[in-house]
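Reader: I would like to learn how to read the secondary structure and packing of a model, feature by feature. Could you take me through this one?

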Amino acid sequence: VFTSSFSRCLMLSSVVVFLQRVLLLVASDVDALCACKILQALFQCDHVQYTLVPVSGWQELETAFLEHKDQFKYFVFINCGANVDLLEILQPEEDIILFVCDTHRPINVVNIYNETQVKLLVKQDDDLEIPAYDDLFRDEEEDEEDSGNESEGTEPSEKRRRLEEVWREILFEYEQYEYHGTSSAMVMFDLAWIMSKDLNDMLWWAIVGLTDQWVQDRITQMKYVTDIGTLQRHVSRHNHRNEDDENSLSIDCMRIAFEYDLRLALYQHWSLYESLCNTCYTSASLKLWSVQGQKRLQELLADMGLPLKQVKQKFHSMDISLKENLQEMIEESANKFGMKDLRVQTFSIHFGFKNKFLASDVVYATVSLMENIEKDESETDNFIRALDSLSRSNLDKLRQGLELAKKQLRAIQQTVASCICTNLVISQGPFLYCYLMEGTPDVKLFSKPVSLCLLSKYLLKSFVCSTKNKRCKLLPLIMAAPMNVEQATVIMVGIPPETESSDKKNFFGRAFEKAAESTNSRTLHNHFDMSIIELKMEDRSKFLDALTSLLS
Amino acid sequence: MEVNVELRKAKKDEQILKRRNISCFSMEDLSPEKEKNPVSMLQPNSAARLTSRRNPPLNEIIEAGIIPKLVEFLGHNDNPNLQFEAAWALTNIASGTSDQTRAVVEGGAVPAFIALLSSPHMHISEQSVWALGNIAGDGPLYRDSLINLNVIPPLLALVAPTTPIGFLRNITWTLSNLCRNKNPHPPLDAIGQILPVLICLLQHNDKDILSDACWAVSYLTDGSNDRIHVVVETGILPRLVQLMGAPELSVQTPALRAIGNIVTGTDEQTQRAIDAGVLALLPQLLRHPKPTIQKEAAWTLSNIAAGPCPQIQQLITCGLLPSLVEVLDKGDFKAQKEAVWAVANFTTGGTVQQVVVLVQSGILKPLLNLLSSKDSKTILVILDTISNLFLAAEKLGETEKLCVLVEELGGLEKIEALQTHDNNIVYRAALGLLEKHFADCSGHFPDTTQDLFGQVSGRNRIWQGDFKCGIH
């Protein structure tokens with residue numbers, strides 16, 4: 001019965017023994033890549049033939065589908081497809097089955113209530129908040145036309161007309177806010193576990209997938225902690241102490257460990273100083289874009305008893321004595337400076353000789369590889385390289401990613417500092433707005449969606465710390481940057497306000513749609529996140545005006 | 001001199017169909033094509049916005065030839081959104097006048113809708129159920145053509161334990177329309193198919209489902225005895241009786257109607273209703289605040305009282321007499337009229353003992369009071385009843401006692417007053433009564449002639465109609 005606490009967890013297991021090939025359509029985010037890795041491993045186990053197609057948006061998705069629909073009967077969508085009416089867009093033949101493993105919410109109601117062609121892979125406890133079928137596909141009859149007498153004991157009408165409003169209202173409510181469900185990598189891992197084919201490598205990818213959601217601020221703190229707990233149980237199961245001693249010396253084996261570590265980005269592969277400067281949390285809390293901020297940093301270091309020289313060295317070159325109780329020390333001092341959450345629950349991976357990475361390290365590295373602008377390579381090449389870097393055997397790629405990530409984080413921090421110092425973040429009334437002009441250093445980096453989103457989030461967090469305007473602290477942010485100079489387009493993202501109990505729900509998807517409609521702006525809503533669009537530079541101001549009046 | 005006594009008619013009160021405001025149909029582009037541009041993919045469905053609320057000129061829509069196009073859209077299995085919108089639009093057109101429904105049927109919608117009952121999309125199959133309900137509800141002609149096109153199996157197949165309640169409600173309503181209407185009644189074999197599922201639906205506890213399902217049963221029992229038989233054989237009677245006592249008026253009303261219909265059948269069928277416990281519920285229904293319930297409860301009682309003596313005895317043992325007295329005394333006037341029939345039937349079919357018990361229950365006073373009713377028919381029935389009472393009294397040798405009783409209760413006065421009644425037959429009946437039984441108690445009367453009454457009691461399914469005057 002399709003009532004409110006509806007949930008489904010359809011297993012691929014029954015279908016994994018494909019006799020036919022599978023087409024994998026994978027979105028360009030780290031969680032998707034991790035989910036992809038797990039699925040690939042499962043396919044390999046069962047000798048399932050598949051073809052992998054990276055897709056960065058709806059156009060690519062549609063094209064890929066059209067190109068392959070005659071040769072494939074089974075399609076798997078990772079982190080794309082759940083939030084649209086997939087059947088209408090793709091018009092698949094009746095014998096084609098679409099499996100969707102996507103964190104995008106809300107799930108389009110047609111995908112939910114169609115049983116045959118669209119199979120959703122959703123975690124059982126995910127609260128989907130789906131409108132009850134009864135509410136959605138029927139409505140109360142308004143009896144206002146009745147002259148009222150004995151309306152209760154009267155015979156049923158011979159004919160009934162169906163009214164509209166209630167239905168559309170409910171649908172509007174349901175679709176108004178976008179958010180994200182459980183990590184697809186975690187869902188895939190669950191699948192593997194149910195099939196008893198889960199391996200430690202897959203578990204690591206699930207961890208990275210979840211961490212990606214945390215880094216991108218897509219899930220609430222509570223969800224993150226809950227999911228960490230879930231993964232921790234698997235980690236314990238896979239990484240018992242006694243197995244350790246046998247395997248720790250083997251170059252091929254790896255171990256995952258639970259960590260309650262500093263949330264300083266890449267710090268073990270960088271210098272502590274750089275990490276402190278380039279991690280959003282510390283940079284924003286200390287307001288490192290200002291002179292006083294810099295002073296505070298010095299004070300913090302002094303309080304920790306860490307000489308500047310040491311701190312600026314590569315982390316692994318730091319004195320061992322200083323590294324010993326580092327975490328506790330830093331935490332204590334940080335507390336004094338108003339940073340109470342400097343440590344975070346996470347996991348680390350150890351393999352080979354002395355190879356240790358935190359999950360967040362891998363996330364940053366993978367993002368950088370995926371959105372690499374340094375060489376003029378195709379998106380697909382970047383995607384594949386990023387995907388490969390997730391395999392332990394491709395350590396060199398991971399290291400390359402780490403270097404790129406450092407550049408990216410530095411670029412973000414510098415851009416944030418510059419935006420704040422030059423008051424580039426302005427209030428439009430119902431939202432904050434910031435536009436990165438052409439010619440801004442590193443602006444090319446921010447023509448990519450994930451990087452731009454990271455920048456936006458860091459900027460907003462920093463802005464909130466910097467501004468004294470109480471009202472502005474509660475506003476959402478729209479950020480725009482040049483996307484393609486020749487075509488004169490900009491990329492624009494909208495992110496929800498920065499509040500402590502934020503539910504991370506984003507209404508910009510709908511808002512952008514409406515503003516585009518009402519102004520006839522030339523927009524491209526190609527991204528799987530509806531809150532990321534492209535638009536013609538010329539249309540920027542009228543689009544913003546429309547948004548402003550829409551949201552006022 | 002002919003008397004044309006109208007048999008009791010069981011016509012239900014016709015409900016005037018309430019017309020709803022016709023919904024608006026925007027005459028935008030009806031093309032199902034959509035551009036491949038991602039922007040338009042995300043915009044609201046470009047198919048016509050066929051369902052908003054403003055008033056459209058529906059007939060112009062029909063004339064514009066939109067219906068065949070909409071019917072064509074129903075066949076677009078590759079575009080469920082289009083199917084759904086078209087189904088919705090056609091539903092609303094078919095919810096209008098008979099002409100409008102006809103336009104939908106003539107546009108070829110029926111086979112398309114029947115096919116869509118098996119759509120993999122639940123909202124589409126539900127909308128089809130709704131549309132077909134509107135078409136069936138137009139009248140027996142379309143109802144039967146739907147049945148002939150085999151609508152019933154796929155419709156029934158939609159009823160499952162997992163079917164959402166809203167959907168079930170729609171299905172039940174459509175089924176009720178398939179059971180509805182006479183001239184002719186629905187084909188018996190169709191009813192045979194529907195009944196098992198209907199019985200299932202009656203086990204539900206959703207009031208809307210129960211209401212429509214009970215109405216369906218009331219339609220099915222509104223016919224000849226063999227139609228009643230088919231329903232009674234399902235064993236549904238106990239549940240129906242139970243539903244007569246439901247707190248919701250919308251459930252009580254049709255349940256009572258169905259039971260009322262059933263007891264217009266054979267004695268055996270009536271006994272089945274009695275065995276199912278109907279008598280226990282009648283008292284509360286006889287004093288129900290809603291006049292229609294009172295009336296129909298009294299009507300039901302009157303038909304049971306037209307049965308054989310054992311059934312009359314059951315009325316007594318189950319304590320219905322006090323309730324009957326109460327209705328006669330204080331009930332809604334329509335219920336009183338039925339109650340008068342109940343008494344009349346009782347006195348016609350009951351044994352002398354039973355009649356005595358009836359009189360002892362205090363029936364006379366309110367009965368005689370009703371002689372001042374404006375309704376001639378009622379008066380005649382009362383007079384006939386009094387006549388029956390005297391018959392019984394004669395057998396006990398107590399006619400004089402009865403005379404005195406009637407006089408004490410002010411009945412004699414009333415009967416005398418009837419001699420000057422407008423209605424000839426009333427006058428003559430009153431006269432006859434006075435001459436026959438009250439000659440010793442009162443002044444002189446003109447010579448009586450033969451008994452002017454025929455049998456006026458009896459059981460059948462019809463309501464009390466207008467009394468037709470015979471020509472004197």
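Reader: In what order do the three strands of the open sheet in chain A lie, and is the pairing parallel or antiparallel?

Author: Before the sheet itself, note that this is a predicted model, in which local features need pLDDT of at least 70 and side-chain atom pairs count only at pLDDT 80 or more, while totals for chains, interfaces and linings use all residues. Residues are numbered from 1 along each chain as its sequence is written, chains are lettered from A and ligands numbered from 1 in the order in which they are written, and side-chain values use heavy atoms, with hydrogens and water left out.
Strands of a sheet pair through backbone hydrogen bonds, either parallel or antiparallel. Here the order is β8-β9-β10 in chain A, and the pairing is antiparallel; helices (H or I, at least four residues) and strands (E, at least two) are DSSP runs, numbered from the N terminus, and two strands pair if DSSP finds at least two bridges between them. The edge strands of chain A, each pairing on one side only, are β8 (254-262) and β10 (355-358), and from one strand to the next the twist averages 25 degrees.

Reader: How many bridges join β9(A) to β10(A), and which residue stands opposite H350(A)?

Author: Strand β9 (residues 343-351) of chain A is joined to β10(A) by four bridges, and the residue opposite H350(A) is K356(A) in β10(A).

Reader: Which helices lie across β9 and β10 of chain A?

Author: Helix α18 (residues 359-370) of chain A lies across these two strands and runs at about 80 degrees to β10(A), while helix α20 (residues 395-421) of chain A also lies across them, at about 50 degrees to β10(A). Such angles run from 0 to 180 degrees between N-to-C directions, the axes being lines fitted to C-alpha atoms, for helices over the stretch in contact.

Reader: Why is strand β4(A) described as largely enclosed by the rest of the structure?

Author: In a regular strand the side chains alternate between the two faces of the sheet. In strand β4 (residues 97-101) of chain A, five of the five residues are buried, so the strand is largely enclosed by the rest of the structure; buried means under 20% relative accessible area, exposed over 50% and partly exposed in between (1.4 Å probe, protein chains only). I97(A), F99(A) and C101(A) point one way from β4(A), whereas L98(A) and V100(A) point the other way.

Reader: With which strands does β4(A) pair in the parallel sense?

Author: Strand β3 (residues 74-78) of chain A pairs with β4(A) in this sense over five bridges, with F99(A) as the bridge partner of V76(A). Strand β6 (residues 118-120) of chain A pairs with β4(A) over three bridges, again in the parallel sense, and L120(A) in β6(A) stands opposite V100(A).

Reader: At what angle do the axes of α9(A) and α10(A) cross?

Author: Angles under 35 degrees count as roughly parallel, over 145 as roughly antiparallel, 65 to 115 as roughly perpendicular and the rest as oblique. The axes of helix α9 (residues 200-215) and helix α10 (residues 221-238) of chain A come within 11 Å and cross at roughly 170 degrees, and the two helices are therefore roughly antiparallel to each other. Among the residues that meet are L203(A), I207(A) and W214(A) in α9(A) and Y224(A), I228(A) and L231(A) in α10(A), where contact means heavy atoms within 4.5 Å.

Reader: How do α2(A) and α19(A) cross?

Author: The axes of helix α2 (residues 30-45) and helix α19 (residues 379-389) of chain A come within 10 Å and cross at roughly 65 degrees, and these helices are therefore roughly perpendicular to each other. In this contact L33(A), C36(A), K37(A) and Q40(A) in α2(A) meet F383(A), A386(A) and L387(A) in α19(A).

Reader: Where in chain B is T101(B), and what does T101(B) touch?

Author: T101(B) is in helix α5 (residues 98-106) of chain B, and T101(B) is buried, with a relative accessible area of 0%. Not counting residues up to four places away in sequence, T101(B) touches several residues, including K159(A), I93(B), N134(B) and Y142(B). D138(B) is 37 residues from T101(B) along the chain, and their C-alpha atoms are separated by 7.2 Å.

Reader: How many helices and strands does each chain have?

Author: Chain A comes to 23 helices and 16 strands, and chain B has 27 helices and zero strands. Of the 552 residues of chain A, 60% count as buried, and of the 472 residues of chain B, 57% do.
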